[in-house]
Amino acid sequence: MMTSVDTELIRVLGDPLRLRIVTLLARETLCTTHLVEETGARQTNLSNHLRVLREAGVVETEPCGRFTYYKLRPDVIAQLAGQFAELAESARTASENKRACP
(Lines give C-alpha, C1' and ligand atoms only; values in the text may rest on other atoms or scores of the structure.)
Protein backbone atom coordinates (compact mmCIF):
# COMPACT_ATOMS: atom_id res chain seq x y z
CA MET A 1 0.00 0.00 0.00
CA MET A 2 1.37 3.35 -1.02
CA THR A 3 1.94 5.92 1.72
CA SER A 4 1.39 9.59 1.07
CA VAL A 5 4.40 11.80 0.46
CA ASP A 6 5.22 14.17 3.32
CA THR A 7 4.08 17.46 1.77
CA GLU A 8 5.32 19.58 4.68
CA LEU A 9 8.82 18.20 4.27
CA ILE A 10 8.67 18.83 0.52
CA ARG A 11 7.63 22.42 1.22
CA VAL A 12 10.56 22.84 3.63
CA LEU A 13 13.03 21.38 1.12
CA GLY A 14 11.43 23.27 -1.77
CA ASP A 15 13.23 26.48 -0.89
CA PRO A 16 16.46 26.74 -2.94
CA LEU A 17 18.60 27.97 -0.02
CA ARG A 18 17.32 25.28 2.34
CA LEU A 19 17.98 22.63 -0.31
CA ARG A 20 21.50 24.03 -0.73
CA ILE A 21 22.03 23.83 3.05
CA VAL A 22 20.82 20.21 3.09
CA THR A 23 23.14 19.37 0.19
CA LEU A 24 26.11 20.89 2.02
CA LEU A 25 25.24 19.11 5.26
CA ALA A 26 25.00 15.82 3.41
CA ARG A 27 28.76 16.12 2.85
CA GLU A 28 29.87 17.32 6.29
CA THR A 29 28.77 18.80 9.61
CA LEU A 30 29.10 22.60 9.43
CA CYS A 31 28.66 25.61 11.68
CA THR A 32 26.73 28.73 10.73
CA THR A 33 29.95 30.53 9.76
CA HIS A 34 30.81 27.79 7.26
CA LEU A 35 27.29 27.86 5.84
CA VAL A 36 27.43 31.65 5.40
CA GLU A 37 30.73 31.26 3.51
CA GLU A 38 29.42 28.43 1.33
CA THR A 39 26.02 29.93 0.47
CA GLY A 40 26.74 33.65 0.47
CA ALA A 41 23.55 34.18 2.47
CA ARG A 42 23.38 36.69 5.30
CA GLN A 43 23.71 35.21 8.76
CA THR A 44 20.22 36.24 9.91
CA ASN A 45 18.61 34.82 6.76
CA LEU A 46 20.60 31.60 7.12
CA SER A 47 19.64 31.28 10.79
CA ASN A 48 15.96 31.55 9.89
CA HIS A 49 16.30 28.79 7.30
CA LEU A 50 18.22 26.60 9.75
CA ARG A 51 15.43 27.08 12.29
CA VAL A 52 12.85 25.89 9.74
CA LEU A 53 15.01 22.84 8.93
CA ARG A 54 15.51 22.11 12.63
CA GLU A 55 11.78 22.41 13.42
CA ALA A 56 11.00 20.08 10.50
CA GLY A 57 13.43 17.53 11.94
CA VAL A 58 15.75 17.63 8.92
CA VAL A 59 18.81 18.87 10.82
CA GLU A 60 20.00 18.68 14.38
CA THR A 61 22.40 20.87 16.30
CA GLU A 62 25.59 20.11 18.15
CA PRO A 63 26.98 22.84 20.43
CA CYS A 64 30.76 23.25 20.29
CA GLY A 65 32.06 26.10 22.43
CA ARG A 66 30.59 29.34 21.15
CA PHE A 67 29.62 27.75 17.83
CA THR A 68 26.67 25.62 16.87
CA TYR A 69 27.24 22.88 14.34
CA TYR A 70 24.47 21.50 12.15
CA LYS A 71 24.20 17.99 10.82
CA LEU A 72 21.74 16.34 8.52
CA ARG A 73 19.42 13.62 9.80
CA PRO A 74 19.80 11.02 7.05
CA ASP A 75 16.88 8.96 8.34
CA VAL A 76 14.47 11.79 7.49
CA ILE A 77 15.83 12.08 3.95
CA ALA A 78 15.76 8.29 3.55
CA GLN A 79 12.12 8.19 4.66
CA LEU A 80 11.18 10.82 2.08
CA ALA A 81 13.15 8.94 -0.60
CA GLY A 82 11.25 5.78 0.33
CA GLN A 83 7.94 7.60 -0.07
CA PHE A 84 8.98 8.74 -3.55
CA ALA A 85 10.15 5.21 -4.41
CA GLU A 86 6.70 3.89 -3.47
CA LEU A 87 5.08 6.60 -5.57
CA ALA A 88 7.28 5.67 -8.56
CA GLU A 89 6.40 1.99 -8.15
CA SER A 90 2.72 2.86 -8.08
CA ALA A 91 3.15 4.91 -11.27
CA ARG A 92 4.78 1.93 -13.00
CA THR A 93 1.63 -0.14 -12.52
CA ALA A 94 -0.78 2.75 -13.10
CA SER A 95 -0.88 2.17 -16.85
CA GLU A 96 -2.55 -1.16 -16.13
CA ASN A 97 -5.27 0.60 -14.15
CA LYS A 98 -7.48 2.57 -16.51
CA ARG A 99 -10.80 3.89 -15.31
CA ALA A 100 -13.53 3.63 -17.89
CA CYS A 101 -15.24 6.82 -18.97
CA PRO A 102 -18.96 7.00 -18.27
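**Exercise 1. Surface**

How many Å² does the accessible surface of the protein come to, and what percentage of this surface belongs to carbon and sulfur atoms?

*Solution.* The structure is a predicted model, in which local features need pLDDT of at least 70 and side-chain atom pairs count only at pLDDT 80 or more, while totals for chains, interfaces and linings use all residues. Residues are numbered from 1 along each chain as its sequence is written, and side-chain values use heavy atoms, with hydrogens and water left out.

Step 1. Accessible areas are computed by the Shrake-Rupley method with a 1.4 Å probe; for residues, only the protein chains shown count as cover.
Step 2. The accessible surface of the protein is about 7100 Å².
Step 3. Carbon and sulfur atoms account for 52% of this surface.

**Exercise 2. Architecture and overall dimensions**

State which elements the protein contains, and compare its radius of gyration with that of a compact globule.

*Solution.*
Step 1. Helices (H or I, at least four residues) and strands (E, at least two) are DSSP runs, numbered from the N terminus.
Step 2. The protein has five helices and three strands, arranged along the sequence as α-α-β-α-α-β-β-α.
Step 3. The radius of gyration is taken over C-alpha atoms, and the globule rule is 2.2 Å times the number of residues to the power 0.38.
Step 4. For 102 residues, a compact globule would have a value near 13 Å, whereas the protein has 18 Å.
Step 5. The C-alpha trace spans about 65 × 20 × 20 Å along the principal axes of the protein.

**Exercise 3. Cysteines**

Determine how many disulfides the protein has, and consider the surroundings of Cys-31.

*Solution.*
Step 1. A disulfide is a covalent bond between the sulfur atoms of two cysteines.
Step 2. The criterion applied here is a pair of cysteine sulfur atoms within 2.5 Å.
Step 3. By this rule the count is zero.
Step 4. For Cys-31, the closest cysteine sulfur is that of Cys-64, at 8.9 Å, which is too far for a bond.
Step 5. Buried means under 20% relative accessible area, exposed over 50%, and partly exposed in between (1.4 Å probe, protein chains only).
Step 6. Cys-31 is therefore buried, at 4%, while Cys-101 is exposed, at 72%.
Step 7. Of the 102 residues of the protein, 27% count as buried.

**Exercise 4. Residues in helices**

Classify Leu-19, Glu-86 and Arg-92 by accessibility, and give one C-alpha separation for each residue.

*Solution.*
Step 1. Leu-19 lies in helix H2 (residues 16-27) and is partly exposed, because its relative accessibility is 43%. Leu-19 and Thr-33 are 14 residues apart in sequence, and their C-alpha atoms are 18 Å apart.
Step 2. Glu-86 belongs to helix H5 (residues 74-94) and is partly exposed, with a relative accessible area of 34%. From Glu-86 to Thr-39, 47 residues away in sequence, the C-alpha distance is 33 Å.
Step 3. Arg-92 is in helix H5 and is exposed, at 55%. The C-alpha atoms of Arg-92 and Glu-62 are separated by 42 Å, with their positions 30 residues apart along the chain.
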